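Here are some exercises to work through with the structure open beside you. Try each task on your own before reading its solution.

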Amino acid sequence: MKQDYVIGIDFGTDSVRALVVNAHTGEQAGTAVQEYERWKQGKYCDASQSQFRQHPLDYLESMERAVIQALDNAPFEARNLVRGISVDTTGSTPVAVDKNGTPLALLPEMAENPNGMFILWKDHTANAEAEEINRLADSWPENYIRFVGGIYSSEWFWAKILRTLRADPEVREKAFSWVEHCDWVSAELTGDTDPLKLKRSRCAAGHKALWHQDFDGLPSNDFLKKLDPLLDGLRDRLFDTTETSDKPMGTISDKWAQKFGIPADTVIGVGAFDAHMGAVGALIEPYSLCKVIGTSTCDMLIAPNEEVGHLLIKGICGQVDGSIIPGMLGMEAGQSAFGDIYAWFGKLVVEPVRTLLGEEAAKEIAAKLIPHLAEQAGKLPVKETDLIAVDWLNGRRTPDAKHTLKGGILGLNLASDSPKIFKALVESTAFGSKSIVERFRNEGVPINDVIAIGGVAKKSAFVMQTLADVLNMPIKVAASEQACALGAAMFAAVASGIYATLPEAQQAMNSGFDAVYQPRQKEAQVYEQLYQKYLVSGAFLENEFLKKSEPAVIIPVADTY
Ligand SMILES: Nc1ncnc2c1ncn2[C@@H]1O[C@H](COP(=O)(O)OP(=O)(O)O)[C@@H](O)[C@H]1O
Ligand SMILES: O=C(CO)[C@@H](O)[C@@H](O)COP(=O)(O)O
């Protein structure tokens, strides 16, 4: 039997995973996960300012360790039979680069400057700039934000660029161009990071940089200059065209071929975002909502262009031709915090233990805490009088991005213990998911079923059952522990010519599903009512945090509240 291997590399928020896959059987032959060392120590971040930066060396060092270890875990012969590598990353996670495409933090004089590092998707330092983009876009003759849900987000490319150029004269002086993480790593693997030549991912550019065929590329220089003269001329140092990720970026460089110990003709694919490749790895089909549930969620949908291409779906993170499966319209929505909310609550509980009893005790409790809370919360009945929490602890991504919003827990009394609060937090993340489903449906895009992938989908039956009950839909969980990396491997198999199309690669390499959560009708009915309370509570919080200039949010009528 023919033997060809491909490697998918998946850069998540906290760690990178490498997966070696037999391209003919789909066997996941070797895998490894490596954390980002500097990031783990909290370097270059300041949560109080929503500043989250990652050093390029964290990516390079962890990728090298992960790929070598994954190959060490694979059968001996696999190493010489690797044909392709594709990379997915978080996004929008852009970095300022010099003329050679070198991230500024790799220059010795800027090695410790967070503004020369990758600005992680969840960095919200550019809230003011996002608002400015929205204001200008609303008054500009060409509506540049119409394909990204009508609202530009501070998590995205232009807001981050503008904020950083304003904040840092050194970046202003040294930044020649800007590159997304998925594009930079893929180009780095080919040894040519020239920002004017490297192929830019359709997925990243379309969802986050306002690239669209109808605009002949990025927004016009006039628009950018009007936004801020600092942006004048940058468009010419970015890109006009984009590529879907079934295409090759190039061939691996000698340096990386030697480091990994793989053939010198290994093809490197065009990169994309983790959620988009994850949806492919999880066998996304038209009108199945694929939820990537981890720190945050990304909610992915595909549909034939001819069926939904005429719609402009309000309040989502973009509709882009070919961003998930080439030839189909890819749509993205999501929640800025999901598992991060549980992690926050865990930290809240563990922190005093650390102070009072020390690191060892804190570690021991932290390892057991969330599964314990989930077990206790799972024993509680679901009642109309339960606590209500709103999941905007990291702002709201969709529907209708607004990262200045805050979350809340309402209805506390002296009987509100940690399992009850944890249950309310889990339900809040599920209600956030429901509001996304409702938005798609209200905008004319049907959702027939739900597929889940990501750390939370695999680790927590309690969260998944709650989600199925709240959505009142069955949820299938993809069997692969590494659906994003598997999706990347499928793209690598197409980019390297093993398969002509992505559906062929999906057919041969998929891992199927290993769990289905069916909604429980009794709970689903109560959740219908609690969801109304969630909407009311959300509107209340939104009005509390409103700027004077913004119109008030209409509180939904809910006779149960
Ligand atoms: N047993 C659990 N139940 C619910 N959530 C969990 C559990 N274990 C971990 N998590 C959450 O999973 C999230 C990490 O998800 P994962 O998909 O592994 O990473 P990433 O989002 O970085 O790709 C964290 O936010 C964490 O709080
Ligand atoms: O926003 C996107 C993609 O558009 C994700 O990269 C972002 O949510 C990060 O997700 P993870 O934390 O890696 O699950």
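**Exercise 1. Find how helix α10 packs against helix α17.**

Solution. This is a predicted model, so keep that in mind throughout.
- Start by locating the two helices: α10 covers residues 274-281 and α17 covers residues 483-495.
- Next, look at the geometry. The axes lie 7 Å apart and make an angle of about 80 degrees. An angle from 65 to 115 degrees counts as roughly perpendicular, so α10 is roughly perpendicular to α17.
- Now pick out the residues that meet. From α10 these are D274, M277, G278, A279, V280 and G281. On the α17 side they are A483, C484, L486, G487, A488, M490 and F491.
- Finally, sort this contact by class: nine residues are nonpolar, three are polar and one is charged.

**Exercise 2. Work out the strand order of the seven-stranded open sheet, and say which strands stand at its edges.**

Solution.
- Walk across the sheet and you get β14-β15-β13-β12-β18-β19-β20, with mixed pairing.
- The edge strands are β14 (319-321) and β20 (513-517). Each has a single partner strand, so one side of each is left without a neighbour in the sheet.
- For the twist, compare neighbours: on average they are turned by 25 degrees against each other, direction ignored.
- Zoom in on one pair. β12 (residues 288-293) and β18 (residues 449-453) run parallel and are joined by five bridges. Within this pairing, S288 stands opposite D449 of β18.

**Exercise 3. Which strands do helices α14 and α16 lie across?**

Solution.
- Take α14 (residues 418-442) to begin with. This helix lies across β12, β13 (297-304) and β15 (328-335), and runs at about 150 degrees to β15.
- Then turn to α16 (residues 461-471). Here the strands are β18, β19 (475-478) and β20, and the angle to β19 is about 145 degrees.

**Exercise 4. Describe the surroundings of ligand 1 and explain its place relative to the two domains.**

Solution.
- Get the domains straight: domain 1 is 5-272, and domain 2 is 335-478 + 520-561. Their C-alpha centres are 30 Å apart.
- Check how they touch. Six residues of domain 1 are in contact with eight residues of domain 2. On the domain 1 side, that's one nonpolar, four polar and one charged.
- Now go to the ligand. There are 18 residues around ligand 1, and G12, G294, G339, G455 and S460 come nearest. The elements giving two or more residues to this shell are α12 (339-357), α13 (359-378) and α15 (455-459). With four residues, α12 gives the most.
- By class, the shell around ligand 1 holds seven nonpolar, eight polar and three charged residues.
- Put it together: domain 1 and domain 2 both give residues to the shell, so ligand 1 lies between them.

**Exercise 5. Do the shell analysis again for ligand 2: which residues come nearest?**

Solution.
- Of the 16 residues around ligand 2, the nearest are G12, T13, T90, G294 and T295.
- Two elements, α10 and β15, give two or more residues to this shell.
- Sorted by class, the shell around ligand 2 has five nonpolar, nine polar and two charged residues.

**Exercise 6. Hunt down some backbone oddities: where are the cis peptide bonds at S92 and P399, and where is the positive phi of S50?**

Solution.
- It helps to know the background: most peptide bonds are trans, and most residues other than glycine have a negative phi.
- One cis bond runs from G91 to S92, with omega near 0 degrees. S92 sits in the loop between β5 (82-89) and β6 (94-97).
- Another cis bond joins T398 and P399, where omega is about -10 degrees. You'll find P399 in the loop between β16 (388-390) and β17 (408-410).
- For the positive phi, go to S50, a residue other than glycine with phi near 60 degrees. Look for S50 in the loop between α1 (37-40) and β4 (53-54).

Definitions and conventions
Residues numbered from 1 in each chain as written. Chains lettered and ligands numbered in written order. Predicted model: local features only at pLDDT ≥ 70, side-chain atom pairs only at ≥ 80, totals over all residues. Near = placed C-beta within 6 Å. Nonpolar A, V, L, I, M, F, W, Y, C, P; charged D, E, K, R; others polar. Domains from an automatic or database assignment. Axes fitted to C-alpha atoms, helices over the stretch in contact; angles between N-to-C directions. Parallel < 35°, antiparallel > 145°, perpendicular 65-115°, else oblique. Contact = placed C-beta atoms within 7 Å. Pairing = 2+ DSSP bridges.
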